[in-house]
Amino acid sequence: MKPFTPLKGLVAPLDRANVDTDAIIPKQFLKSIKRSGFGPNAFDEWRYLDRGEPGMDCTNRPVNPDFVLNHARYQGASVLLARENFGCGSSREHAPWALEDYGFRVIIAPSYADIFFNNCFKNGVLPIVLAAETVDRLFQETEASAGYALTVDLAAQTLTTPGGEVIAFEVDGERKHRLLNGLDDIGLTLQLTDQIKAYEARRRQEAAWLFL
Amino acid sequence: MSARTLYDKLWDDHVVHQEADGTALIYIDRHLVHEVTSPQAFEGLKLSGRALWRGSTILATPDHNVPTTARAAGIVDPVSRTQVETLDANCAELGLNEFRMSDPRQGIVHVIGPEQGFTLPGSTLVCGDSHTSTHGAFAALAFGIGTSEVEHVLATQCLWQKKSKAMLVRVEGDLPAGVTAKDIALAVIGRIGTAGGTGYAVEFGGSAIRALSMEGRMTLCNMAIEAGARAGMVAADEKTIRYMEGRPQSPKGADWDQAAAYWRTLHSDAGAQFDAVLELAAAEITPQVTWGTSPEMVVAVTDRVPNPADAPNAVKKADWERALAYMGLTGGTPIHEITIDKAFIGSCTNSRIEDLREAAAVARWATAKGRRVAANVKLAMVVPGSGLVKAQAEAEGLDKDFVAAGFEWREPGCSMCLAMNADRLEPGERCASTSNRNFEGRQGQGGRTHLVSPAMAAAAAVFGHFVDIRALANALTIEVLQ
């Protein structure tokens, strides 16, 4: 995983609650056995006017001019502003893969679905939780001024608006550490191999039926 | 020791290591694997040169992509075929227990785990699939994970977790005839919303839950994720233990005695504290029908589609308006006036033998009355959850009941719950579905899904529109429906 470095990113507002992972990346694209290349199909059913299938060249497909991410002013956005319960639904990690591949490094919302929230951290995407009123205000500011960009500093746990306002956010300490340093979870866990083996040895005594 | 919840007990028994901030390394006893969320995990393991930690904890099967017709011909879609073949190759290479598409035991991961006795009370069980919460019905700690975590479990047999808060959903009393575990699940989600359980592990308790069969408990825990919960669970009781007896992978002999003794401790202690408690009276739960594009958009079959003007706030109002536009519905429409184009009976929520029996009873009633699937219903399909469920249903003659009434009887798999195989809705088609999600495009781009119980779906297929199954449940009042 690549380390999360401070960034200044254009903000795109997706003004809907309960955006589910089926919307973020529809099921037909889950047939891929790869981990990359999902960006062109992020929000496929909202973004294009035809039915998307794996292997299609998306550059020639008819785009939906009404979908916010297709608006010229939001091209190149790396911060996605969203509403509550973002990423609900299936456990598909293809959802953060698609968002990351599209170009999003940061998501801001009042709340997230649990599995999606976890999956983001495994892929260098930072999901920030802010109070609903703050998110509301960011929606208004984003929509009011073209080119609205936020500076995101994970180490300092702050967002800075174009007007210079600094907004603090919370992030779990262990997750922050791993994201900032781009650390590999599995490598870290394997440093605890002795403890895992000791646990297994104890459980084999206590509950042999779990080891058949 | 102070009184502990069931969740506390399951958690405590699986902590391998704990960090100062409470993040814990949790040991995973059982790992279900399917073709969609595993290829990148197997590839990651291989690329990093890491070994599989404990392959005997894994049971794999293809379920999302498999065809439900003409299976002998294999998978026509080359992309789907590649994904299933990749699972087969990965399992063969690592020597994992896999039920391939041709195996009579193949089926939906969440159906075959319990069926095989692979799902054990008191265990931790994960799968790269959100509906893993199903297995909590066995007093197990079971939850869905992403592909990175699948790889993490393959390599370490552990996961990093923060302990969730504990919620108790207590349902007391007797369910009315015709009202099922599915209706309890939808009623709970309607009450607390799709994010109401976020941050919680939910235990379902009370006399109505104890009265549910193991299959009913699975249906209920399956939908816990639709309330946003990390996990759903039900205390173990004698019903749980009886279900486990004699399954292929259940403990045997002295192991059985030791296991069963432990399983009898898997309940919340008297006086255990929960962070939140929700109480429902079973007698007040009605057959539920979703009207929108989120499982929380649900009402009783006797109710009407709500008006956005009545929404509690502006965000919800916009949500409801968008949902109604997508669903092609108008606020105020009585639910029973909504006609359907297709019916789907299946999915990890409702494809077990009891579900099929309930739906088949409606089919038999229809045939006896000289009726069959309504003319406006293009397709009513029944997709058993596993090969063994299918065989059991056929032994009971349920397949014939369905076919006689105009339903199609298919091969096992996830099918039109998420339409990764050829089974899907066309744009604008409306479906009565026993699955778990009514999201936009879930059953096919532009498709419109209404979530219901198996008997409600079967009845909607026969009448061509939603009907109150409670009237059917009482044959004397059947004419009311006509």
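This passage looks at the enclosed spaces in a predicted model and at the packing of a pair of helices in chain B.

A good place to begin is with the empty space inside. Rolling a probe the size of a water molecule over the atoms shows where such space is left. In this structure, six cavities of 30 Å³ or more were found. The largest cavity holds about 220 Å³ of space, and 24 residues line it. Nearest its centre lie B:His64, B:Asp129, B:His131, B:Leu418 and B:Arg442. By class, the lining of this largest cavity is made up of eleven polar, eight nonpolar and five charged residues.

The second largest cavity contains about 190 Å³. Its lining has 14 residues, and those closest to the centre are A:Arg16, A:Ala17, A:Asn18, B:Thr293 and B:Glu440. Helix H11 of chain B (residues 314-327) gives the most to this lining, namely three residues. Six nonpolar, three polar and five charged residues make up the lining of the second largest cavity.

Turning to the helices, H2 (residues 39-47) and H3 (residues 78-94) of chain B pack with their axes 10 Å apart, at an angle of about 40°. Angles that are neither under 35 degrees, over 145, nor from 65 to 115 count as oblique, and H2(B) and H3(B) are therefore oblique to each other. The crossing of H2(B) past H3(B) is left-handed. On the H2(B) side, the contact is formed by B:Pro39, B:Phe42 and B:Lys46, while H3(B) brings B:Gln83, B:Thr86, B:Leu87, B:Asn90, B:Glu93 and B:Leu94. Four nonpolar, three polar and two charged residues take part in this contact between H2(B) and H3(B).

Conventions:
Residues numbered from 1 in each chain as written. Chains lettered and ligands numbered in written order. Predicted model: local features only at pLDDT ≥ 70, side-chain atom pairs only at ≥ 80, totals over all residues. Heavy atoms only, no water. 1 Å grid on protein atoms, 1.4 Å probe; cavity = no way out; pocket = protein on both sides within 12 Å on 5 of 7 lines; lining within 4 Å. Points joined across faces, edges and corners; volume = space filled by probe spheres on them. Nonpolar A, V, L, I, M, F, W, Y, C, P; charged D, E, K, R; others polar. Helix = DSSP H or I, 4+ residues; strand = E, 2+ residues; numbered from the N terminus. Axes fitted to C-alpha atoms, helices over the stretch in contact; angles between N-to-C directions. Left-handed = near helix turned anticlockwise from the far one by under 90°. Contact = heavy atoms within 4.5 Å.
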